[in-house]
Amino acid sequence: MPRLRSLRMLTLAFCAAIMAATVGTGLLTQAATDRTVARLVDARIAAAADAVAARGSALPTATLAQRIGVLDADRDTGDLGVLLSDRDGRRLAGNVAPRRALPPGFSSVELGDRIAGLTAGRAYVRDVGDGRRLTVIAETDPFDDDAGARRRIALAGFATILFVTFAGMLLFARLIAARIAATRGTARAIIAGDLRRRVPVRGDGGIFDAQAETFNLMLDRIAGLMQTMANVSGDIAHDLRTPLARLRSQLEALVRRADDPALRTGIEAALAQSDALLAMFAAILRIAEVEGGARRAGFAPLDLGELAHEVAEMMAPVVAESGRRLTVPAPRAVPVRGDRQLLTQLLVNLIENAIRHTPPGTAIAVDAGGETGRATLTVRDDGPGIAPAQRVRALRRFGRLDPSRAGAPDGAAGHGLGLALVEAIARLHDGGVRLEDAAPGLRVAVDLPVRPPRQSSR
């Protein structure tokens, strides 16, 4: 039996159970009613038969015929059919003539037996001596076409029950769907970066409000923990940037005063490490700012194709100086809604990442295009690429792989935050980042919605 794993299947199963219970109850009620009516009619025709001829008596045929006439004329028993027949089935007296010979005891008669004025009834046949048989028949339907009328009433009642059931289930499903949609909308807003969004509480004190309040308490706790972590990382970055900046200034002064070439080289290496640490802390603070979602308020319509063209032209000299080649895309209209400065930084990061992790002579291509409901910004290179097993790690914070993707000669390892910042910016714009095989090389695709991203409630 398939499991009821969805609200739709549960609703259909409930409706099917209601229908089965209604049909079953109707059939059982009809059967019980028919049995009760048959029992009462059987008692009546047995009493009428005893009134004509008591059990064990052997009255003359004339007497039996007289009693049958009295019974037929009686107002209270005039609707009974009575027949006295001989051993050969010939009619001796009575007011009915069944089409077939009825069996001894109680039995049912129907319209097909062609008894005048009867559509359905019960018959009682017993011996009254000398091979004679007395048959008493009474109708079980109070009026003509009683069974058809009862069927129509049952169908009308069944249709009413179905209508009420389906209407109730529809209203119930709409209520459930509205509550689930509110929870789903809250979850999507939180995924998009609005950690202050909460599930609406209607104040009716019901189970859905209790669930929403519990869910909101959980979100408050998670938001508090995340804010604490963000504050810790931000405080560390802020607190360390100042001494690192002083250290860098001191190292610059030492470089200018150093006379020994070996000492100068060592100090310059320490200065480069200081610059790398400062860049790492700046990236940490930038990611925290982006994930906070505050920049969403500044979203505005822009042309992603034009932006990609401008950034590629701006970065072309830097790429050429590094010994790589950059293909500048032709301007193409790709309308999106977002933060121009953040999307510029996203593209610059991807181009710098391609420079840092590919050998000289690598070709780098930038492109922006749009499909139905989506815009895609891509940066492609024909360098060593990233193995499929390492692509998830490359998107993590501090997810450094080898000193280069596959042994780039400059050996620049980076701080492992470039792609993490790219993903944070894409997520802020309701988008995502994909690392794909460019065959050869790496293709980084950033998918963004063409429609305006969902606006968070404040």
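**Two open sheets and the helices across them**

An open sheet of five strands follows the order β7-β9-β10-β12-β11, with mixed pairing. Here strands (E, at least two residues) and helices (H or I, at least four residues) are DSSP runs numbered from the N terminus, and two strands pair if DSSP finds at least two bridges between them. The edge strands, each pairing on one side only, are β7 (325-327) and β11 (432-437). On average, neighbouring strands of this sheet are turned by 20 degrees against each other, direction ignored; axes are lines fitted to C-alpha atoms, for helices over the stretch in contact, and angles run from 0 to 180 degrees between N-to-C directions.

The model is predicted: local features need pLDDT of at least 70 and side-chain atom pairs count only at pLDDT 80 or more, while totals for chains, interfaces and linings use all residues. Residues are numbered from 1 along each chain as its sequence is written, and side-chain values use heavy atoms, with hydrogens and water left out.

Within this sheet, β10 (residues 374-381) and β12 (residues 442-449) run antiparallel and are joined by seven bridges; Arg380 has Arg443 of β12 as its bridge partner. Helix α7 (residues 340-356) lies across β9 (363-371), β10 and β12, at about 25 degrees to β10, with contact meaning heavy atoms within 4.5 Å. Helix α9 (residues 418-428) lies across β11 and β12, running at about 130 degrees to β11.

Another open sheet of five strands has antiparallel pairing and the order β2-β1-β5-β4-β3. Its edge strands are β2 (91-94) and β3 (105-110). Five bridges pair β1 (residues 81-85) with β5 (residues 133-139), and Arg133 in β5 is the bridge partner of Ser85.
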